[in-house]
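Thanks for coming, everyone. Let's put the structure up and walk through it together.

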Amino acid sequence: MNWDDTTDAAPAAERLVDPAAERLVDSAAERLVDSVADREDQAVEAALRPKDLNEFIGQEKVREQLDLVLRAARARGATADHVLLSGAPGLGKTTLSMIIAAEMGAPIRITSGPAIQHAGDLAAILSSLQEGEVLFLDEIHRMSRPAEEMLYMAMEDFRVDVIVGKGPGATAIPLELPPFTLVGATTRAGLLPPPLRDRFGFTAHMEFYEPAELERVIHRSARLLDVEIEPEGAAEIAGRSRGTPRIANRLLRRVRDYAQVKADGVITREIARAALAVYEVDSRGLDRLDRAVLEALLKLFGGGPVGLSTLAVAVGEERETVEEVAEPFLVREGLLARTPRGRIATPAAWAHLGLTPPRSATAGNGQQDLFGA
């Protein structure tokens with residue numbers, strides 16, 4: 001690594017030049033049920049985040065295991081082991097990182113993988129850490145390879161080698177780092193190289209929430225937002241939240257707005273249903289884009305199989321938008337399947353849209369019936 005790399009490095013915001021990713025973010029930002037946080041979510045989440053493990057709802061196994069790790073570290077008077085949190089967006093990885101810092105009585109530094117494009121960027125952050133500080137590195141799998149290699153030594157030996165100069169005259173200067181705790185978060189744990197994964201002392205996978213857990217999240221958020229909500233109203237919102245607390249909180253705020261304008265401010269089941277109908281979020285959490293993909297697959301292509309590009313053209317969206325934004329939830333809900341021949345609808349998709357599948361669909365989703373029936 002050359003320390004001079006930091007002098008001509010572009011600002012972090014200017015280095016995120018991934019047109020495909022930007023298109024996905026723009027498409028996601030328009031959706032009420034997307035799990036990626038927008039600016040409004042970030043502002044509200046700061047007020048709604050639990051401050052310790054006892055307040056954190058859901059993820060029981062992760063909470064129990066993490067509690068043991070943190071208690072043991074406090075008893076030894078040492079910094080906590082490095083922690084890797086994986087899982088879909090909106091499940092609480094950032095919140096847990098802040099809780100780790102609070103439980104350890106340490107400050108927290110927050111950055112992200114895409115913002116670290118040079119080893120010098122990482123060296124500047126590491127060299128300014130205080131002893132015991134928590135460094136939260138979101139989307140750690142998107143960090144550059146030179147920075148990733150520097151992180152190996154920093155995590156294991158609390159040391160980095162800074163190279164001053166270039167060519168034959170370059171000199172490596174070892175820089176000792178104070179003990180710190182790295183909390184890495186990723187939505188794609190499989191993209192992390194094994195040497196990096198192995199350096200984490202504790203790894204945890206965040207699961208999607210059950211409706212009952214989301215109801216508890218909604219009731220807690222309603223109290224903090226000073227919103228009156230009935231149990232049936234909370235259950236209605238929870239059932240459409242895709243197992244994600246961030247989406248549950250976003251839907252709660254939109255239903256609150258509807259209740260204040262169209263009713264007496266109290267969220268009942270009927271008010272929640274009426275509000276979410278206005279925002280085009282149906283009983284299973286599907287929105288306009290999700291239903292457009294299913295309707296095209298069922299009505300235009302008889303349930304498939306159909307290629308992704310053809311399906312995207314029929315919906316009027318980019319191929320990446322259909323594949324990365326709409327399909328994951330449809331597959332998880334068992335409404336759509338990816339096969340070598342293309343995308344196919346499941347019987348549950350026909351039932352959800354109230355359509356009768358053609359005979360070819362009932363005989364194997366477009367595959368030939370071996371018995372000729």
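Let me start with a term. A salt bridge here is a side-chain nitrogen of Lys or Arg within 4 Å of a carboxyl oxygen of Asp or Glu. Side chains of opposite charge can pair when their charged atoms come close. And keep in mind that this is a predicted model.

Now use that term. The side chains of Glu 327 and Arg 343 meet in a salt bridge, at 2.7 Å from N to O. Glu 327 sits in helix α15 and Arg 343 in strand β9, so this pair ties together parts that are 16 residues apart in sequence. Are these two residues buried or exposed? Glu 327 is buried, at 0% relative accessible area. Arg 343 is buried as well, with 11%.

Staying with salt bridges, there is also a network. Glu 236, Arg 240, Arg 269 and Arg 273 are joined into one network by salt bridges that share partners. How many salt bridges does a search of the whole structure find? It finds 19.

Back to helix α15. That helix covers residues 319–332 and holds Glu 324. Glu 324 forms a salt bridge with Arg 188, at 3.3 Å from N to O. Arg 188 lies in the loop between β6 (181–186) and α8 (194–197), so the pair ties together parts that are 136 residues apart in sequence. Glu 324 is partly exposed, at 37% relative accessible area. Arg 188 is partly exposed too, at 44%.

One more pair, this time inside one helix. Glu 60 bridges to Arg 63, and their closest N and O atoms are 2.6 Å apart. Why are they about one helical turn apart? Because they are three residues apart in helix α4, residues 60–76. Look at the cover on each. Glu 60 is partly exposed, at 40% relative accessibility. Arg 63 is buried, at 17%.

Next, the strands. Arg 343 was in strand β9, so let's see what β9 pairs with. Strand β8, residues 336–339, runs antiparallel to β9, residues 342–345. Four bridges join them. Ala 337 stands opposite Ile 344 in β9. How many residues does the hairpin from β8 to β9 pass through? Two.

There is another pairing to point out. Strand β1, residues 83–86, is joined to β7 by four bridges, and these strands run parallel. Leu 85 has Ala 204 in β7 as its bridge partner. Now follow the side chains along β7, residues 202–205: they alternate. Phe 202 and Ala 204 point to one face and are buried. Thr 203 and His 205 point to the other face and are not buried.

Now some backbone geometry. Most residues other than glycine have a negative phi, and most peptide bonds are trans. Here are some exceptions. Glu 139 is not a glycine, yet its phi is positive, about 50°. Where is it? Glu 139 is in the loop between β3 (134–138) and α7 (145–157). Glu 139 is buried, with a relative accessible area of 17%.

Asp 226 also has a positive phi, near 60°. Asp 226 lies in the loop between α9 and α10. At 71% relative accessible area, Asp 226 is exposed.

Then the peptide bond. From Gly 304 to Pro 305 the bond is cis, with omega near 5°. Pro 305 is in the loop between α13 (288–300) and α14 (308–315).

Let's go back to the loop that holds Asp 226, between α9 and α10. Glu 228 is also placed between α9 (211–224) and α10 (231–239). Glu 228 counts as exposed, at 52% relative accessibility. Which residues gather with Glu 228 in a patch of negative charge on the surface? They are Glu 230, Glu 232, Asp 264 and Glu 270.

One last stop. Met 104 is in helix α5, residues 93–104. Met 104 is partly exposed, at 21% relative accessibility. The C-alpha atoms of Met 104 and Ala 78 are 9.5 Å apart, and the two residues are separated by 26 residues along the chain.

That's the tour. Thanks, and over to you.

Technical notes. Residues are numbered from 1 along each chain as its sequence is written. This is a predicted model: local features need pLDDT of at least 70, side-chain atom pairs count only at pLDDT 80 or more; totals for chains, interfaces and linings use all residues. Side-chain values use heavy atoms; hydrogens and water are left out. Patches are made of residues with over 30% relative accessible area and no salt bridge: like charges are joined within 9 Å, nonpolar side chains (Val, Leu, Ile, Met, Phe, Trp, Tyr) within 5 Å. Accessible areas come from the Shrake-Rupley method with a 1.4 Å probe; for residues, only the protein chains shown count as cover. Lys and Arg count as positive and Asp and Glu as negative; His and the chain ends are not counted. The place of a charge is taken as NZ of Lys, CZ of Arg, CG of Asp or CD of Glu. Buried means under 20% relative accessible area, exposed over 50%, partly exposed in between (1.4 Å probe, protein chains only). Two strands pair if DSSP finds at least two bridges between them.
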